[in-house]
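Thank you all for making the time this morning. I would like to walk you through one protein chain, moving between the whole and a few chosen places.

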Amino acid sequence: MEAPGTELAVVILAAGEGTRMHSDLNKVLHEIAGRPMLGYPLAAAETLAPQHLVVVIGCDAEQVEERFRGRARFVTQSERRGTGHAALQALPALSGFSGDVLILYGDTPLLRPETLRRMRALKAERRADLVLLSARLDLPGRLVRDTSGRVTRIVEVTDASPEELAIDEGNTGVYLLDAELLAQNLAQLDDHNQQGELYLTDIVSLAVGQGMAVEALLLDDAEEALGVNSRAELARAAAVMRGLTSERLMAEGVTIVDPDSTYIDTDVEIGRDSRIDPGVVITGPSRLGERVHVKPHC
């Protein structure tokens, strides 16, 4: 599915303050089904074997770098001037790189590697200059198309007209584009908007204005685009992840009598022909052998 011979760099933006978490712990270190939130986009990126993997963190995020040291290169966004400004901080780490750049987020943990591979395949098949990921979800940006269905721009809800607010296709903020195009368009961003920030979303309208081919991949499952900014969203993401883990284990030959009442962390492995009864909790990177019977409420 992937474009043969096209090198890839991945940039994960993880410098948000996470004020709605009301926590002393950095937002992307909060656990979802036994794994720190940032661990999910990192793992998804690693399946693509990128030549560069860069994580943009805030000036107060030493604990994030310490937790994931060795898995990525970390750069710091010392000022909070928006997502476009955050992406600019990653460019020096990509100096000399001439392939594609995939932009992800540290607080969007449910995106699947298969979706990212589909983005790469679409870019190659359509010979697109930029591919963005969209979803039928109430997201901070709306995807604006012309009368023929072609992508024209992204509008932030804070700047949108009533007609634009009615658009039901949201922008996830996940982009795949050539490194040179990214650098050129980031250099043209301005802060003439309601928030006074550099919007990464503006690279879409800039690319369209330059005559570039822009494509959007609409998620089949909008839940993949769930962003985690609060404890309630953290719990929702954990429930989704536990469900995916149960589905994986059952497909591998494990009987889970009642998945809804069973709490199994992401990194748990269980051998075939095992049986997990209702009310069981299995946490951390646990390993259970074959034909194991875990009885209720263990």
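**A walk through the chain**

Let me begin with a single residue, A33, which counts as buried because its relative accessibility is 9%, where buried means under 20% relative accessible area, exposed means over 50%, and partly exposed lies in between, with a 1.4 Å probe and protein chains only. Before going on, I should say that this is a predicted model, in which local features need pLDDT of at least 70 and side-chain atom pairs count only at pLDDT 80 or more, while totals for chains, interfaces and linings use all residues. Residues are numbered from 1 along each chain as its sequence is written, and side-chain values use heavy atoms, with hydrogens and water left out.

To return to A33, this residue sits in the loop between β2 (31–32) and β3 (35–36), and it has a positive phi of about 50 degrees although it is not a glycine. As background, most residues other than glycine have a negative phi. Which residues does A33 touch, leaving aside its neighbours within four places in sequence? It is in contact with Y40, A238, M241, R242, D265 and T266, contact meaning heavy atoms within 4.5 Å.

A49 makes a useful companion, for this residue also has a positive phi of about 50 degrees without being a glycine. A49 is found in the loop between α1 (39–46) and β4, and it counts as exposed, at 55% relative accessibility. The helix α1 itself is mostly covered, with 6 of its 8 residues buried, and those buried residues are G39, Y40, P41, L42, A44 and A45.

**The chain as a whole**

Stepping back, the protein chain has 8 helices and 18 strands; here helices (H or I, at least four residues) and strands (E, at least two) are DSSP runs, numbered from the N terminus. Along its principal axes, the C-alpha trace spans about 60 × 45 × 40 Å. For 298 residues, a compact globule would have a radius of gyration near 19 Å, and the 20 Å of this chain agrees with that; the radius is taken over C-alpha atoms, and the globule rule is 2.2 Å times the number of residues to the power 0.38.

Of the 298 residues, 49% count as buried. Among contacts between residues at least 6 apart in sequence, 60% join residues that are at least 24 apart.

**Strand β1 and its partners**

Is β1 enclosed or open to the outside? All 7 of the 7 residues of β1 are buried, so this strand is largely enclosed by the rest of the structure. L8, V10, I12 and A14 point one way from β1, whereas A9, V11 and L13 point the other way, and all are buried. In a regular strand, the side chains alternate between the two faces of the sheet.

Strand β1 pairs in the parallel sense with β6 (residues 100–105) over 6 bridges, and pairing requires that DSSP finds at least two bridges between two strands. V11 has I103 as its bridge partner in β6. With β4, too, β1 pairs in the parallel sense over 6 bridges, and there I12 stands opposite V55.

Helix α3 (residues 83–90) belongs in this part of the picture, since among its residues G84, H85, A86, A87 and A90 are buried. These buried residues pack against β1 (8–14), β4 (52–58), β5 (73–77) and α6 (179–186).

**A small sheet and an exposed loop**

Elsewhere, an open sheet of 3 strands has the order β12-β15-β18, with parallel pairing. Its edges are β12 (255–256) and β18 (293–294), each with a single partner strand, so one side of each is left without a neighbour in the sheet. The strands β12 and β15 (residues 275–276) run parallel and are joined by 2 bridges, and in β15 the bridge partner of T255 is R275.

My last stop is Q194, in the loop between α6 and α7 (202–209), which is exposed, with a relative accessible area of 60%. Leaving aside neighbours within four places in sequence, Q194 is in contact with T158, D159 and Y199. Q194 and E156 are 38 residues apart in sequence and 9.4 Å apart in space, C-alpha to C-alpha.
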